Amino acid sequence: MQRVRQRRGKLTKAKPDLAKEKAALHRVLGEPVIQLEARPPGVQEILSRGGAVEQLRDRLDRLSGESGGRPCPVDPSKCLHQLRVDEDILYFPFEPLAPQKAVASYSIKACDRGGIAFLESPTGTGKSLALLCAVLAWQRRQAEKVTTVPQIVYGVRTHSQIKQIVGELRKCGYRPRMAVIGSRDQLCANETVKSEARRGRVSLNLSCRQAARCAVANLPGGCNLYRGLGQNSYAQRVHDRYGQAGRIWDVEELLSCAQPKASDQFPGCPYYTAHVLAGDADIVFCPQNYILDPSVSQCRSHHRERWSLKGRIVIIDAPGQCGDGGP
Ligand code: SF4
């Protein structure tokens with residue numbers, strides 16, 4: 001009995017009481033803190049040789065196979081009118097109005113010359129549809145001539161406008177591979193991480209990165225949606241639902257990848273999924289800060305190196321801003 005007590009005494013003495021230290025910290029700081037643990041050994045190597053995001057990207061690349069770089073297909077049932085602009089035939093779902101013809105023609109010219117076009121068209125004249133038809137027709141023509149074609153990056157002012165512009169894409173006859181990207185605030189589906197970020201008054205970006213690191217290292221607090229990205233069946237589901245030419249989807253539909261219908265399917269993170277899909281999409285829709293804010297557009301994080309503005313066709317669709325001194 002004496003020996004057991006001595007052993008317990010030794011153990012207690014050797015181990016610091018972390019709970020007491022934490023409580024003392026809270027007393028001093030006066031408010032709850034989120035403890036950002038030191039990065040556990042080995043995580044850096046795991047990340048650099050490819051975490052769940054890299055695995056998802058590699059699997060999607062394999063599933064896409066040779067479909068990348070081909071002219072985007074068209075849906076003949078929506079190509080009801082043709083508009084000739086120089087050497088291009090543009091397909092429209094209806095006869096375009098005069099302002100739409102002008103927008104389409106100047107957009108094609110700007111793509112050909114590689115310059116900047118500043119186009120203004122009255123509200124309600126259907127300029128977004130004309131822009132989409134023009135740039136997708138131009139991209140199709142390029143894909144017939146060369147192997148790699150510039151991706152189109154289409155920036156809008158608000159998240160609700162993304163829904164509208166995706167609606168316009170559904171109307172037109174072109175069926176590209178598309179992606180929508182957004183912030184973690186919009187696309188994070190882990191309610192625990194989100195509420196911890198709010199409680200701890202730290203940014204969601206920071207909390208997410210911590211949860212992703214813990215997931216990689218199998219530590220408590222890891223985000224299970226991040227882990228799901230690395231599953232084979234998840235990549236297949238993403239490819240089937242979002243990654244193929246002609247799959248038109250918006251943010252709400254993407255969020256459903258965090259809630260699979262069948263119990264044997266893995267949920268995955270919509271935020272990282274969107275950024276991986278953007279790497280190979282023909283057209284990417286995004287809030288305009290992804291284009292105008294250099295801290296976002298020039299970001300070279302491991303999931304976004306294949307998505308930058310360099311060599312892209314960049315569109316900023318900013319209704320109502322032209323007369324306000326906006327972009
Ligand atoms: S990995 Fe995705 S779901 Fe998980 S915390 Fe980060 S953004 Fe949220």
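Where is N218 found?

**View 1. N218 sits in the loop between α10 and α11.** This close-up, like all the others here, comes from a predicted model. N218 has a positive phi of about 55 degrees although it is not a glycine. Most residues other than glycine have a negative phi. Is N218 buried or exposed? N218 counts as exposed because 9 other C-beta atoms lie within 10 Å, and the exposed class takes in residues with 12 or fewer.

**View 2. D86 lies in the loop between β1 and β2.** The two strands on either side of this loop are β1 (81–85) and β2 (88–92). D86 is not a glycine, yet its phi is positive, at about 50 degrees. D86 has 8 C-beta neighbours inside 10 Å and therefore counts as exposed.

**View 3. The whole protein, for orientation, has 16 helices and six strands.** Before moving on to the ligand, here is some context for the chain. The protein has 327 residues, of which 34% count as buried. Look at the contacts in the protein with a separation of 6 or more: residues 24 or more positions apart account for 71% of them.

**View 4. The ligand has 14 residues around it.** Which of these residues come nearest? They are C188, N190, C208, C223 and C269. Three elements give two or more residues each to the shell around the ligand, namely α10 (204–216), α11 (224–228) and α14 (270–280). Of the elements, α10 gives the most, with three residues. By class, the shell holds 12 nonpolar residues, one polar residue and one charged residue.

**View 5. Helix α9 packs against α10.** Helix α9 covers residues 191–200, and its axis comes within 9 Å of the axis of α10. The two axes cross at roughly 130 degrees, which makes α9 oblique to α10. This crossing of α9 and α10 is right-handed. On the α9 side, the contact is made by V193, K194, E196 and A197. On the α10 side, the partners are L204, S207, C208 and A211. Sorted by class, the contact of α9 with α10 has five nonpolar residues, one polar residue and two charged residues. You may recognise C208 from the ligand view, where C208 is among the residues that come nearest to the ligand.

**View 6. Helix α4 packs against α14.** Here the axis of α4 (residues 52–64) and the axis of α14 are 10 Å apart, at an angle of about 40 degrees. The two helices are therefore oblique to each other. In which hand does α4 pass α14? The crossing is right-handed. From α4, the contact takes in V53, L56, R57, L60 and S64. From α14, the contact takes in Y272, V276, G279 and D280. These residues divide into five nonpolar, two polar and two charged. Helix α14 also belongs to the elements that give two or more residues to the shell around the ligand.

**View 7. T273 is found in helix α14.** Why does T273 count as buried? T273 is classed this way because 29 C-beta neighbours lie inside 10 Å, and 20 or more are needed for a residue to count as buried. Leaving aside residues up to four places away in sequence, T273 touches L229, V238, L254, C257 and G268. If you would like a reference distance for this view, take T273 and L255: the two are 9.8 Å apart in space, C-alpha to C-alpha. Along the sequence, T273 and L255 are 18 residues apart.

**View 8. Helix α6 packs against helix α7.** This last pair joins α6 (residues 127–145) with α7 (residues 159–171). Their axes are 9 Å apart, and the packing angle is about 60 degrees. That angle makes α6 oblique to α7. Helix α6 passes α7 in a right-handed crossing. Which residues make the contact? From α6 they are S128, L129 and L132, and from α7 they are I165, E168, L169 and K171. By class, the contact of α6 with α7 has four nonpolar residues, one polar residue and two charged residues.

Technical notes: Residues are numbered from 1 along each chain as its sequence is written. This is a predicted model: local features need pLDDT of at least 70, side-chain atom pairs count only at pLDDT 80 or more; totals for chains, interfaces and linings use all residues. A residue is near a molecule or strand if its C-beta atom, placed from the backbone, lies within 6 Å of it. Helices (H or I, at least four residues) and strands (E, at least two) are DSSP runs, numbered from the N terminus. Ala, Val, Leu, Ile, Met, Phe, Trp, Tyr, Cys and Pro count as nonpolar, Asp, Glu, Lys and Arg as charged, and the others, Gly among them, as polar. Two residues are in contact if their C-beta atoms, placed from the backbone, lie within 7 Å. Axes are lines fitted to C-alpha atoms, for helices over the stretch in contact, and angles run from 0 to 180 degrees between N-to-C directions. Angles under 35 degrees count as roughly parallel, over 145 as roughly antiparallel, 65 to 115 as roughly perpendicular and the rest as oblique. A crossing is left-handed if the near helix is turned anticlockwise from the far one by less than a right angle, and right-handed if clockwise.
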